[in-house]
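Q: Could you take a close look at one part of this structure for me? I would like a connected account that starts with a single site and follows its surroundings.

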Amino acid sequence: MTVKILCKDYGFECEYFLEGRKSISLIKELRKHFDSEHGIDYSEEALIQMLVNHGHSRDSIRNE
Ligand SMILES: [Zn+2]
């Protein structure tokens with residue numbers, strides 16, 4: 001399943017978005033962006049939790 005993750009949905013005034021298959025590697029891309037552009041080094045687990053809070057199930061992130 002493809003998802004679109006908009007940075008601004010996660011509390012930043014930023015036009016960056018990621019689109020792709022929901023997966024850990026997408027999480028890693030997002031993590032890189034938060035770190036390099038916003039100076040926040042979220043853990044992978046914290047990012048998974050953020051997606052879960054936006055209605056994605058934990059299993060769907062790990063398995064798709
Ligand atoms: Zn951003």
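A: Happy to. One cut-off will help us: a residue is called buried when its relative accessible area is under 20%, exposed when the value is over 50%, and partly exposed in between. Please also keep in mind that this is a predicted model.

Let's begin at the zinc ion. Its protein donors are the SG atoms of Cys7 and Cys14 and the NE2 atoms of His33 and His38, at distances of 2.0 to 2.3 Å from the ion. The angles among these 4 donor atoms run from 103 to 116 degrees, and the site is tetrahedral. Along the sequence, the donor residues follow the spacing C-x6-C-x18-H-x4-H.

Now compare the two histidines. With a relative accessibility of 24%, histidine 38 falls between the cut-offs and therefore counts as partly exposed. Histidine 33 has a relative accessible area of 7%, which is under 20%, so this residue is buried.

Histidine 33 sits in helix 1. If we set aside neighbours within four places in sequence, its contacts are Cys7, Cys14, Tyr16 and His38. Cysteine 7 lies 26 residues from histidine 33 along the chain, and their C-alpha atoms are 9.0 Å apart.

Aspartate 35 is also placed in helix 1. Its relative accessibility is 40%, so aspartate 35 counts as partly exposed. Beyond residues up to four places away in sequence, aspartate 35 touches Ile40 and Asp41. Between aspartate 35 and phenylalanine 12 there are 12 Å from C-alpha to C-alpha, with a sequence separation of 23 residues.

From here we can follow helix 1 outward to its packing partner. Helix 1 covers residues 24-38 and packs against helix 2, residues 44-53, at an angle of about 105 degrees, with 10 Å between the axes. Because that angle falls within 65 to 115 degrees, the two helices are roughly perpendicular. On the helix 1 side, the contact is formed by Ile24, Ile27, Lys28, Leu30, Arg31 and Phe34, which meet Glu44, Leu47, Ile48, Met50 and Leu51 of helix 2. Sorted by class, this contact has 8 nonpolar and 3 charged residues, and no polar ones.

One last stop is helix 3, residues 58-63, where aspartate 59 is found. At 55% relative accessibility this residue is over the 50% cut-off, so aspartate 59 counts as exposed. The C-alpha atom of aspartate 59 is 9.9 Å from that of serine 23, with their positions 36 residues apart along the chain.

To return to where we started: helix 1 holds histidine 33, and the NE2 atom of His33 is one of the donors of the zinc ion.

Conventions
Residues numbered from 1 in each chain as written. Predicted model: local features only at pLDDT ≥ 70, side-chain atom pairs only at ≥ 80, totals over all residues. Heavy atoms only, no water. Donors = N, O, S within 2.8 Å, 3.2 Å for Na, K, Ca; no water. Tetrahedral: all angles 85-135°; square planar, octahedral: opposite > 155°, others 65-115°. Buried < 20%, exposed > 50% of the residue type's maximum accessible area, 1.4 Å probe, protein only. Axes fitted to C-alpha atoms, helices over the stretch in contact; angles between N-to-C directions. Helix = DSSP H or I, 4+ residues; strand = E, 2+ residues; numbered from the N terminus. Parallel < 35°, antiparallel > 145°, perpendicular 65-115°, else oblique. Contact = heavy atoms within 4.5 Å. Nonpolar A, V, L, I, M, F, W, Y, C, P; charged D, E, K, R; others polar.
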